[in-house]
Amino acid sequence: MGLLLTTHPTVEPVSVDEVRAALSVTDSDHDAHLSKLVRAARRRAEAYTYRAFISQAWRLTLDRFPSEIWLPRSPLLSVTNIQYVDTDGVTQTVASSVYRVTASSEPARVTVEYNQTWPTPRNVTECVTINYTAGYGTNPTDVPEEARQAIILMAGEWFDHPANASDGMAVKTIPHNAEWLLNSLRLGKGVAWAGLPAYELVSK
């Protein structure tokens, strides 16, 4: 089983101008660097909260059809399709009438519809694929303010104190003020419901 980011968000939740204003930086000499810090901070914040901020497409693969399929990265916007490899080795798409999507829970879940059954897939790894879109929307203002402010704080901290951004290859802890903001959005059980370790869900 695995999780793969297939379509990256088209914008970031905060702009470089917003980070510059928070840092009281008036020139644009560091904009390219700040842009990278914003992207890194957003990805770190999403991994910490088990959420997607700006709309992005994900692909979850499973080795079978479980009774419940939990979709890591909340909130769910839509399920594009569910596919499986049939016993003949041919990829098929499951009719939407076969399953039920419950987006009110976090993470969202997919279950078989009443009086329906999942098809029988071939007994191979990653024989089931769920393509879906998660996020709050396509605009930065759609993202909760707690997440936006946390990203600004993280990018600002890493800009002012580069040594706090990483230690070799390991990312250091989120600054406490940003962590406090993100804790209000963090999912308690997170992706453990889907049977996937939290920090293996790295955007590729």
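Here is a short chat about a predicted model of one protein chain.

Visitor: Let's start with the overview: how many helices and strands does the protein chain have?
Guide: Reading from the N terminus, the elements go β-α-α-β-β-β-β-β-β-β-α-β-β-α. Tallied up, that gives the protein chain 4 helices and 10 strands.

Visitor: And what percentage of the residues of the protein chain count as buried?
Guide: The accessible surface of the protein chain comes to about 10,600 Å², and carbon and sulfur atoms own 49% of that. For burial, the cut-off is a relative accessible area under 20%. Out of 204 residues in the protein chain, the buried share is 48%.

Visitor: Take contacts in the protein chain with a separation of 6 or more: what share comes from residues 24 or more positions apart?
Guide: A contact here means heavy atoms within 4.5 Å. Among contacts with a separation of 6 or more, the share from residues 24 or more positions apart is 75%.

Visitor: Now the sheet with 5 strands: in what order do they sit?
Guide: This one is an open sheet with antiparallel pairing. Its edge strands are β1 and β5 (91-93), each pairing on one side only. From one strand to the next, the twist averages 25°. Reading across, the order is β1-β2-β8-β4-β5.

Visitor: Is strand β2 largely enclosed or not enclosed by the rest of the structure?
Guide: Strand β2 covers residues 56-62, and 6 of its 7 residues are buried. Buried means under 20% relative accessible area, so with that count β2 is largely enclosed.

Visitor: How many bridges join β2 to β1, and which residue of β2 stands opposite G2?
Guide: Strand β1 spans residues 2-7 and runs antiparallel to β2, with 5 bridges joining the two. Within that pairing, the residue opposite G2 is T61.

Visitor: On to β8: how many bridges join it to β2?
Guide: Strand β8 takes in residues 128-134, and β2 and β8 run antiparallel. As one spot to look at, R59 stands opposite N131 in β8. The number of bridges joining β2 to β8 is 7.

Visitor: What about the sheet with 3 strands: which are its edge strands?
Guide: This is another open sheet with antiparallel pairing, in the order β3-β7-β6. Neighbouring strands in this sheet are turned by 20° against each other on average, direction ignored. An edge strand pairs on one side only, and here that describes β3 (68-71) and β6 (99-102).

Visitor: Which residue in β7 stands opposite T102?
Guide: β6 and β7 (residues 108-112) run antiparallel and are joined by 4 bridges. Find T102 and look across to β7, and you land on R109.

Visitor: Helices next: how are α1 and α2 oriented, roughly parallel or roughly perpendicular?
Guide: Two packed helices are described by the angle between their axes and the distance between the axes. Helix α1 (residues 16-23) and helix α2 (residues 31-49) pack at about 100°, with their axes 9 Å apart. Angles of 65 to 115 degrees count as roughly perpendicular, so α1 is to α2 roughly perpendicular.

Visitor: Which residues make that contact, and how many of them are nonpolar?
Guide: From α1 come V16, V19, R20 and L23, while α2 supplies D31, L34, S35 and V38. By type, that contact has 2 charged residues, 1 polar one, and the nonpolar count is 5.

Visitor: I like to check omega: which prolines follow a cis peptide bond?
Guide: One cis bond runs from S74 to P75, with omega near -5°, and P75 sits in the loop between β3 and β4 (76-85). Another cis bond joins E106 to its proline, with omega about -5°, and that proline is in the loop between β6 and β7. The prolines are P75 and P107.

Visitor: Is R73, with its positive phi, buried or exposed?
Guide: R73 lies in the loop between β3 and β4, and its phi is near 80°, positive in a residue other than glycine. The relative accessible area of R73 is 5%. Since the cut-off for burial is under 20%, R73 is buried.

Visitor: And N115: buried or exposed?
Guide: N115 is in the loop between β7 and β8, with a positive phi near 65° in a residue other than glycine. Its relative accessibility is 70%. Over 50% is the mark for exposure, so N115 is exposed.

Note on methods. Residues are numbered from 1 along each chain as its sequence is written. This is a predicted model: local features need pLDDT of at least 70, side-chain atom pairs count only at pLDDT 80 or more; totals for chains, interfaces and linings use all residues. Side-chain values use heavy atoms; hydrogens and water are left out. Buried means under 20% relative accessible area, exposed over 50%, partly exposed in between (1.4 Å probe, protein chains only). Two strands pair if DSSP finds at least two bridges between them. Axes are lines fitted to C-alpha atoms, for helices over the stretch in contact, and angles run from 0 to 180 degrees between N-to-C directions. Angles under 35 degrees count as roughly parallel, over 145 as roughly antiparallel, 65 to 115 as roughly perpendicular and the rest as oblique. Ala, Val, Leu, Ile, Met, Phe, Trp, Tyr, Cys and Pro count as nonpolar, Asp, Glu, Lys and Arg as charged, and the others, Gly among them, as polar. Accessible areas come from the Shrake-Rupley method with a 1.4 Å probe; for residues, only the protein chains shown count as cover.
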